[in-house]
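Please go through the structure shown here with some short questions. Each one is followed by a worked answer.

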Amino acid sequence: MREASFEGRRLLVVGGAGFVGGNLVRRALVEGATAVVVVDNFLSSERSQVPDDPTVEVIEGSIADDAVLGKLPKVDDVYHLATFHGNQNSIADPIADHANNLLTTLKLFEHIRHWDGLGRVVYSASGCTLAEKTDGEPSATSEFGDVPIEHDSPYQISKLVGEFHAVYYHRRHGLPTVRARFQNVYGPGEILGAGEWRGTDATVWRNVTPTFVYRALKGLPLQLDNGGVASRDFIHVSDIVDGLLRCGTLGEPGGVYNLASGVETTIRQLAESIIEVTNSTSELVIGARRGWDHAGRRFGSTEKAERELHFRAHVALPDGLRETVAWTRSSIALIDASIARHRDRVER
């Protein structure tokens, strides 16, 4: 069995300029990866987040573009992290979601199924696809169970169909796919407003943790949809990167793993913690429930990933929030400049 290390590996990271991808690339360089090929169309990322390192090659464009696929060198492992982020943007433009969130997966898998010697192909799946939609007491969402037919957005549908393709290409062509189901990732390196305008305010305010941190530092109100009673499983980006590495080295080809903390946190609890950490004067504003969102309360089971990957999230939410706040403070000019590109379209 391979050790969980990037040392000596040649990697293809699709979406490698994004929040998670950038953190993965930086860790790979620290651990001695011999080559890292980043493919990114910078739709929701910034070139500045790609390390300036001779080991890193950047191919700009969509992985669904045949010209981009034709430039790919053979590698040892593939990490497919590209996505059309996220629910609200996909509702606003389902066609763009299909082009950037599903066609990308199919084109990539079809191209690399001919490659010999691949270690793993890790696909970033969504933890919400199997989660029970409940406002009551939730149980930990495992990797197994009935696949619901009703979903809240094209994004969720695309991520689920991507898993179908991962299973098919493994069974039919022997492609060593491993599905990593993300929970709600947060941490240093997520730039609000990164990339291009995608038609909704979620272009900027697209993830709750960086949104609350930024707005708290600015003294702006934090809106709690439906009073903030919904809950999520928040996992630090360094833990996600460790989980991806373990999926890429120890994961069973054809298998699926939750990358979760196993801890349920309500959105109100998150907001109150961030206000405390930032010593903010921001007010909590109670908003209506989002009409499209039926997710309610959820968190992920950690049992299978602990057993098979020896993976466990190590960064507790209070520690992770302090680190995220510190990074945001030090990067505020960068974030301000990113948001300013969309200022005319962002409702304050």
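The questions and answers below go through helices, buried residues, a cavity and some backbone features.

Q: What kind of model is this, and from which number are residues counted along each chain?
A: This is a predicted model, in which local features need pLDDT of at least 70, side-chain atom pairs count only at pLDDT 80 or more, and totals for chains, interfaces and linings use all residues. Side-chain values use heavy atoms, with hydrogens and water left out, and residues are numbered along each chain as its sequence is written, from 1.

Q: How far apart are the end C-alpha atoms of helix α5, and what span should its 20 residues have?
A: Helices (H or I, at least four residues) and strands (E, at least two) are DSSP runs, numbered from the N terminus. The expected span of a helix is 1.5 Å times one less than its number of residues. For α5, residues 154-173, this gives 28 Å, which agrees with the end C-alpha distance of 27 Å.

Q: Which elements do the buried residues of α5 pack against?
A: Buried means under 20% relative accessible area, exposed over 50%, and partly exposed in between (1.4 Å probe, protein chains only). In α5 the buried residues include Tyr155, Leu160, Glu163 and Tyr169. With contact meaning heavy atoms within 4.5 Å, the buried residues of α5 pack against α3 (87-92), α4, β5 (121-126), β6 and β11 (256-259).

Q: Which residue follows α5, and what is its phi?
A: Helix α5 covers residues 154-173. The residue that follows α5 has a positive phi, and it is Gly174, with a value near 75°.

Q: Which backbone oxygen does the side chain of Arg181 reach?
A: Arg181 lies in strand β6, residues 177-182. It counts as buried because its relative accessibility is 6%. Its contacts, not counting residues up to four places away in sequence, include Glu143, Glu163 and Tyr257. The side chain of Arg181 comes to 3.1 Å from the backbone oxygen of Glu143.

Q: Is Thr104 buried or exposed?
A: Thr104 is part of helix α4, residues 94-112. Not counting residues up to four places away in sequence, it touches Ser62, Ile63, Ala64, His80 and Ala99. Its side chain also reaches the backbone oxygen of Asn100 at 3.2 Å. Because its relative accessibility is 3%, Thr104 counts as buried.

Q: How many residues of α7 are buried?
A: The 14 residues of α7 (residues 237-250) should span 20 Å at 1.5 Å a residue, and the end C-alpha atoms are 19 Å apart, which agrees. The helix is mostly covered, and the number of its 14 residues that are buried is 13.

Q: Which residues does Leu270 touch?
A: Leu270 sits in helix α8, residues 267-278. It counts as buried because its relative accessibility is 0%. Not counting residues up to four places away in sequence, Leu270 touches Val208, Thr209, Phe212, Phe234, Thr265 and Leu321.

Q: Which element gives the largest share of the lining of the largest cavity?
A: On a 1 Å grid over the protein atoms alone, a cavity is a set of points where a 1.4 Å probe fits but cannot get out, and lining residues have an atom within 4 Å of a point. Grid points are joined across faces, edges and corners, and a volume is the space filled by probe spheres set on the points. A search of the whole structure finds one cavity of 30 Å³ or more, and the volume of the largest cavity is about 50 Å³. Three residues, the largest share of its lining, come from α10.

Q: Which residues does Val325 touch?
A: Val325 belongs to helix α10, residues 317-330. Its relative accessibility is 2%, so it counts as buried. Leaving out residues up to four places away in sequence, Val325 touches Val213, Leu217, Val277 and Thr278.

Q: Where does a cis peptide bond occur?
A: One partner in this bond, Gly86, lies in the loop between β4 (77-80) and α3. With omega about 0°, the cis peptide bond joins His85 and Gly86.

Q: Is His310 buried or exposed?
A: His310 lies in the loop between α9 (303-309) and α10. Its phi is positive, about 55°, although it is not a glycine. Because its relative accessibility is 55%, His310 counts as exposed.

Key
A polar contact is a pair of N or O atoms within 3.5 Å; within protein, one must be able to donate a hydrogen and the other to accept it, and residues adjacent in sequence count only if both atoms are side-chain atoms. On a 1 Å grid over the protein atoms alone, a cavity is a set of points where a 1.4 Å probe fits but cannot get out, and a pocket is an open set with protein on both sides within 12 Å along at least five of seven lines; lining residues have an atom within 4 Å of a point.
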